[in-house]
Amino acid sequence: MSSFFNDLMTGLNEAVAIEQGKLKGRRTVYEIQPVKKYDNVQIKQIRTSIGMTQAFFANYMGVSTKTVESWERGTNHPTGSACRLISMLENKTFETLPFVHKMATMQ
């Protein structure tokens with residue numbers, strides 16, 4: 001039989017054993033931190049520390065350059081998912097995103 005079928009049968013047998021109390025199930029618990037808010041000074045500092053232009057940052061964020069300008073002037077503020085993406089820049093974890101690809105290292 002196929003490897004997929006064997007894995008599927010193993011999983012189903014484990015599920016039945018857990019339900020019958022013969023096997024203890026595993027459980028993973030995740031804690032989601034509240035969305036961090038960023039002010040205009042923090043946004044510009046994070047963007048420049050990564051070496052991004054406003055245009056490149058806007059492309060990363062999926063917003064217009066005008067939006068980034070307004071965030072950095074303090075006339076508008078990022079919310080929700082935009083703040084999550086900014087936190088990934090701040091924590092240097094943005095390269096793990098599927099839409100970010102390192103092209104080359106420039107000297």
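Here is a short back-and-forth about the labels used for this predicted model.

Reader: What makes Glu-90 and Lys-36 a salt bridge?

Author: Their closest N and O atoms are 3.0 Å apart, and the cut-off is 4 Å between a Lys or Arg side-chain nitrogen and an Asp or Glu carboxyl oxygen. So the pair counts. Glu-90 sits in helix H5 and Lys-36 in the loop between H1 and H2, so the bridge ties together parts that are 54 residues apart in sequence.

Reader: Why is Glu-90 called partly exposed?

Author: Partly exposed runs between the buried limit, under 20%, and the exposed limit, over 50%. Glu-90 has 30% relative accessibility, so that is its label. Lys-36, at 38%, is partly exposed too.

Reader: What makes Glu-72 and Arg-47 a salt bridge?

Author: N to O is 2.5 Å for this pair, so it falls within the 4 Å limit. Glu-72 belongs to helix H4 and Arg-47 to helix H2, so the link joins parts 25 residues apart in sequence. Both residues are buried, which means each has under 20% relative accessible area.

Reader: And how do you know that Glu-69 and Lys-66 form a salt bridge?

Author: Their closest N and O atoms are 3.9 Å apart; the limit is 4 Å, so they qualify. Both lie in helix H4, three residues apart, about one turn of the helix. Residues three or four places apart on an α-helix point the same way, because there are 3.6 residues a turn.

Reader: Are these two residues buried or exposed, or something in between?

Author: Lys-66 has a relative accessible area of 60%, over the 50% mark, so it is exposed. Glu-69, at 23%, is above the buried limit of 20% and therefore partly exposed.

Reader: What makes the largest nonpolar core a core?

Author: Its members are buried nonpolar residues joined through side-chain atoms within 4.5 Å. There are 18 residues in it, and those with the most contacts inside include Phe-57, Trp-71 and Ile-86. H2, H3, H4 and H5 each give two or more residues, and H5 has the largest share, with five.

Reader: Which residues of H5 are buried, and what do they pack against?

Author: In H5 they are Ala-82, Cys-83, Leu-85, Ile-86, Ser-87 and Leu-89. They pack against H2, H3 and H4.

Reader: Why can Leu-12 be part of a nonpolar surface patch?

Author: A patch residue needs over 30% relative accessible area. Leu-12, in helix H1, has 45%, so it clears that bar. Its patch partners are Phe-4, Phe-5, Leu-8 and Met-9, and the patch covers about 480 Å².

How values were computed. Residues numbered from 1 in each chain as written. Predicted model: local features only at pLDDT ≥ 70, side-chain atom pairs only at ≥ 80, totals over all residues. Heavy atoms only, no water. Patch = residues over 30% accessible without salt bridge, like charges linked within 9 Å, V, L, I, M, F, W, Y side chains within 5 Å. Areas by Shrake-Rupley, 256 points an atom, 1.4 Å probe, with all protein chains shown as cover. Helix = DSSP H or I, 4+ residues; strand = E, 2+ residues; numbered from the N terminus. Buried < 20%, exposed > 50% of the residue type's maximum accessible area, 1.4 Å probe, protein only. Contact = heavy atoms within 4.5 Å.
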